[in-house]
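Reader: I'd like to learn how to read a few features off a structure. Can we go through one together?

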Amino acid sequence: MTLKHKRIVCLPGDGLPEIPLPFHALGVGAGTQQVGSFHHLSHALPDSIQIFWGVSGCGEFIYPGKSHILQPGWVATCFPAVPRSIRNTGTEPWSYYWFLFGGAGALDFLRSFGFPEDSHYVGPCPVNDFQELEFLLKRPTGYTRRRAVAAVAALLAQMGGEPERSVLSDFMELVHRKYGDPATSVSTLAEELNIHRTTLNRLFQKEVGISPGKYLANTRLQQALWMLQETNLPLKTIAAECGIESLSHFCRTIRRHTGQSPSACRSSNIE
């Protein structure tokens, strides 16, 4: 990952030519959060908007009163003056790219695309476009500033996804709404979306890199691990709320992915 742990910021008014633009590209970078990591984020720049694009693993953005999940191919938008924290909720390192833009017209420009303000699936991260933005921000001139605005607009345009990707986004959203029901399966969700299971599997494998069934199982696992660490609920209750009817199956799943029993996972987290 070329931009790993790198931060580049180019502020308007830092001695370079003043150019009337609807907004300015301010930064680009990438990050990797290790398993169990938790960080508070803050905007150092007023009127700035930061967008994260998931590459691998799974993490969560926590805002006052709500949270958003960021997985591979998903984007999450952090708006100005909204405090938030991020944490890795998965069982592997969580990696993402991000870009930052701001100015008086930034928020209106973003909202003109009509994207959901919650995190949503759009497709694989366009790494080459992030690298182009990095190149432009490293060479701040009047020309590259205008090009950087166009690069941000190109990234935003790709956040609309493609027609077939809307089906995948709908599937993912259904998973996050219905994973707690043990009757929820790839077949029931495909039927609800009016798509053949084989077609869904082919599209999902192509765009996301895993099967729909694996995605559903991972979602249940991530929620179960979070509940083990953050609540004192009985194991049977956690299993039921994660859509796993059999307690023995729940225990085997946790042990297979962590090497520990559910009780041991909970105890190690307390320590």
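**Strands, a helix and some buried residues**

Author: Sure. One thing up front: this is a predicted model. Let's start with a strand that has two partners. 4 bridges join E5 to strand E8 (residues 84-88), and the two run antiparallel.

Reader: Which residue in E8 is the bridge partner of glutamate 60?

Author: That's arginine 87. On E5's other pairing, 5 bridges link E5 to strand E6 (residues 66-70), again antiparallel. There, isoleucine 62 stands opposite serine 67.

Reader: How many residues sit between E5 and E6 in their hairpin?

Author: 2 residues. Have a look at glycine 65 in that turn: its phi is positive, about 85°.

Reader: And how do I think about side chains along a strand?

Author: The general idea is that in a regular strand the side chains alternate between the two faces of the sheet. For cover, check accessibility residue by residue. In E5, which spans residues 59-63, 4 of the 5 residues are buried, so to speak of the strand as mostly covered is fair.

Reader: What about a buried residue in another strand?

Author: Try tryptophan 94, in strand E9 (residues 94-102). Buried means under 20% relative accessible area. Tryptophan 94 has 0%, so it counts as buried. Its side chain has a polar atom 3.4 Å from the backbone oxygen of leucine 70. Also, the C-alpha atoms of tryptophan 94 and threonine 32 are 5.4 Å apart, although 62 residues separate the two along the chain.

Reader: Now a helix. How do I check the length of H9 against what is expected?

Author: Compare the end-to-end C-alpha distance with the rise per residue. H9 (residues 247-258) has 12 residues and reaches 16 Å from first C-alpha to last, close to the 16 Å expected at 1.5 Å a residue.

Reader: Which residues of H9 are buried?

Author: Phe250, Thr253 and Ile254 are buried in H9. They cover an arc of only 95° around the axis, so they sit on the same side of H9. Right after the helix comes glycine 259, with a positive phi near 80°.

Reader: Last one, cysteines. How many disulfides does the structure hold?

Author: The structure holds 0 disulfides. To judge cover, go back to relative accessible area. Cysteine 78 is at 0%, so it is buried. Cysteine 265 is at 10%, which means it is buried too.

How values were computed
Residues numbered from 1 in each chain as written. Predicted model: local features only at pLDDT ≥ 70, side-chain atom pairs only at ≥ 80, totals over all residues. Heavy atoms only, no water. Buried < 20%, exposed > 50% of the residue type's maximum accessible area, 1.4 Å probe, protein only. Pairing = 2+ DSSP bridges. Expected span 1.5 Å × (residues − 1). Arc of directions from axis to C-beta. Polar contact = N/O pair within 3.5 Å; in protein donor to acceptor, adjacent residues only side chain to side chain. Disulfide = S-S within 2.5 Å.
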